[in-house]
Amino acid sequence: MNLVDRILTIVITATITSAVWIVAGGSLIENATSASQRERTRPAEAAPSPSPGETAAGVADVASEATDTPVASALDTEVPQTPSASQASQLLIPVKNIRPADLTDTYSDSRDGGARLHEAIDIMAPRGTTVQSSAPGTVEKLFRSDAGGKTIYVRSTDGETIYYYAHLDEYAEGLQEGQRVRRGQRLGTVGSSGNASEDAPHLHFAILQTTADAAWWEPAHAVNPYPLLRGE
């Protein structure tokens, strides 16, 4: 067989083989996409995601029975809640001798040249004026920072609210972390520690909604104290 005959034989053989594979492959694809084969070849379509009404626990139980392997528990879906009307009515203005009419709503004021919102109110008072606990709770942290100066984080009795007091001049004698405080208990005195102006002593007061298992330093949902302290 000469060279030309060999080349022709190779070309003809390759052409016939390609035609066979095209026909056979098309049949396989058609069968794989048919409704009767989807449960075997396309499990994502055969087992749709759980509907919103199905609980994560129920899905976990089914998966565990089917595979006999541990399944992760449901995600924590607890979210911060705004204080109820009854809780708000129990709040005390945290600076002694300050009346509701003396308060100014500075919650939405800008800070750092408009880079952030204040998300607290400044309660102006003479240096040394008593700062008192707005609500009962536990002193979670006594913290000194460049911005807030001498600060206090008091967590509510249900663990879901943190009351933040900043720019204090002094802490109350004997105040310590882990101590339970009652509504109206003395926490310290008004000052201008941190980045507050020496000429304008005040208490920076914030209310932060969180969850009972969140740490004091974790991000939380700020709530405007102004209408709550005024009983609005």
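## A quick tour of a predicted fold

The backbone oxygen of Phe-143 sits 2.6 Å from a polar atom in the side chain of Thr-151. Keep in mind that this is a predicted model. The chain holds 6 helices and 11 strands. Of its 232 residues, 34% are buried. Let's walk through it topic by topic.

**Thr-151 and its surroundings**

- Thr-151, the residue we opened with, belongs to strand S6, which covers residues 149-156.
- Is Thr-151 buried or exposed? Thr-151 has 0% relative accessibility, and anything under 20% is called buried, so Thr-151 counts as buried.
- If you skip residues up to four places away in sequence, Thr-151 touches Lys-141, Leu-142, Phe-143, Ser-145, Tyr-164, Tyr-165, Ala-166 and Tyr-171.
- Phe-143 is therefore on that list of touching residues as well as being the partner, through its backbone oxygen, of the Thr-151 side chain.

**Aromatic rings**

- Here's a handy idea to start with: two aromatic rings are described by how far apart their centres are and by the angle between their planes.
- How many aromatic pairs are there? The count comes to 5.
- One of them is Tyr-163 with Phe-205, a stacked pair with 6.4 Å from centre to centre and 0° between the planes.
- Tyr-163 is in strand S7 and Phe-205 is in strand S10, so this pair ties together parts of the chain that are 42 residues apart in sequence.
- Both partners are tucked away: Tyr-163 is buried at a relative accessible area of 8%, and Phe-205 is buried at 0%.
- There's also a cluster, in which ring pairs link Phe-143, Tyr-153, Tyr-164 and Trp-216.
- Two members of that cluster, Phe-143 and Tyr-164, also turn up among the residues that Thr-151 touches.

**The largest pocket**

- Why roll a probe over a protein at all? A probe the size of a water molecule, rolled over the atoms, shows where empty space is left.
- In this model, the largest pocket has a volume of about 600 Å³.
- Which residues lie closest to the centre of the largest pocket? Out of 26 lining residues, they are Arg-116, His-118, Ala-120, Tyr-164 and His-204.
- Tyr-164 is worth a second look, since it is one of those closest to the pocket centre and also part of the ring cluster.
- Strands S2 (116-117), S7 (161-171) and S10 (202-209) each give at least two residues to the lining of the largest pocket.
- S10 provides the largest share of that lining, with 4 residues.
- Sorted by class, the lining of the largest pocket comes to 14 nonpolar, 7 polar and 5 charged residues.

**Far apart in sequence, brought together in space**

- Among the contacts in the chain with a separation of 6 or more, 62% are between residues 24 or more positions apart.
- Ile-123 gives you an example: its C-alpha atom is 8.8 Å from that of Pro-201, although the two are 78 residues apart along the chain.
- Ile-123 is part of strand S3, residues 121-124, and is buried with a relative accessible area of 2%.
- Leaving out neighbours within four places in sequence, Ile-123 is in contact with Pro-94, Val-95, Ile-98, Leu-103, His-202, Leu-203 and Phe-205.
- Phe-205, then, is a contact of Ile-123 and also the stacking partner of Tyr-163.
- Ala-222 is another example: its C-alpha atom is 9.6 Å from that of Tyr-107, with their positions 115 residues apart along the chain.
- Ala-222 lies in strand S11, residues 221-223, and counts as buried at 11% relative accessibility.
- Not counting residues up to four places away in sequence, Ala-222 touches Tyr-107, Glu-119, Ile-207 and Leu-208.

**Two backbone oddities**

- Most residues other than glycine have a negative phi.
- Glu-119, which Ala-222 touches, has a positive phi near 55° and is not a glycine.
- Where is Glu-119? Glu-119 lies in the loop between S2 and S3, and it is partly exposed, with a relative accessible area of 37%.
- His-167 also isn't a glycine, and its phi is positive at about 70°.
- His-167 lies in strand S7 and is buried, with a relative accessible area of 7%.

Conventions:
Residues numbered from 1 in each chain as written. Predicted model: local features only at pLDDT ≥ 70, side-chain atom pairs only at ≥ 80, totals over all residues. Heavy atoms only, no water. 1 Å grid on protein atoms, 1.4 Å probe; cavity = no way out; pocket = protein on both sides within 12 Å on 5 of 7 lines; lining within 4 Å. Points joined across faces, edges and corners; volume = space filled by probe spheres on them. Nonpolar A, V, L, I, M, F, W, Y, C, P; charged D, E, K, R; others polar. Phe/Tyr/Trp six-rings, centres within 6.5 Å; stacked < 30°, edge-to-face > 60°. Buried < 20%, exposed > 50% of the residue type's maximum accessible area, 1.4 Å probe, protein only. Polar contact = N/O pair within 3.5 Å; in protein donor to acceptor, adjacent residues only side chain to side chain. Contact = heavy atoms within 4.5 Å.
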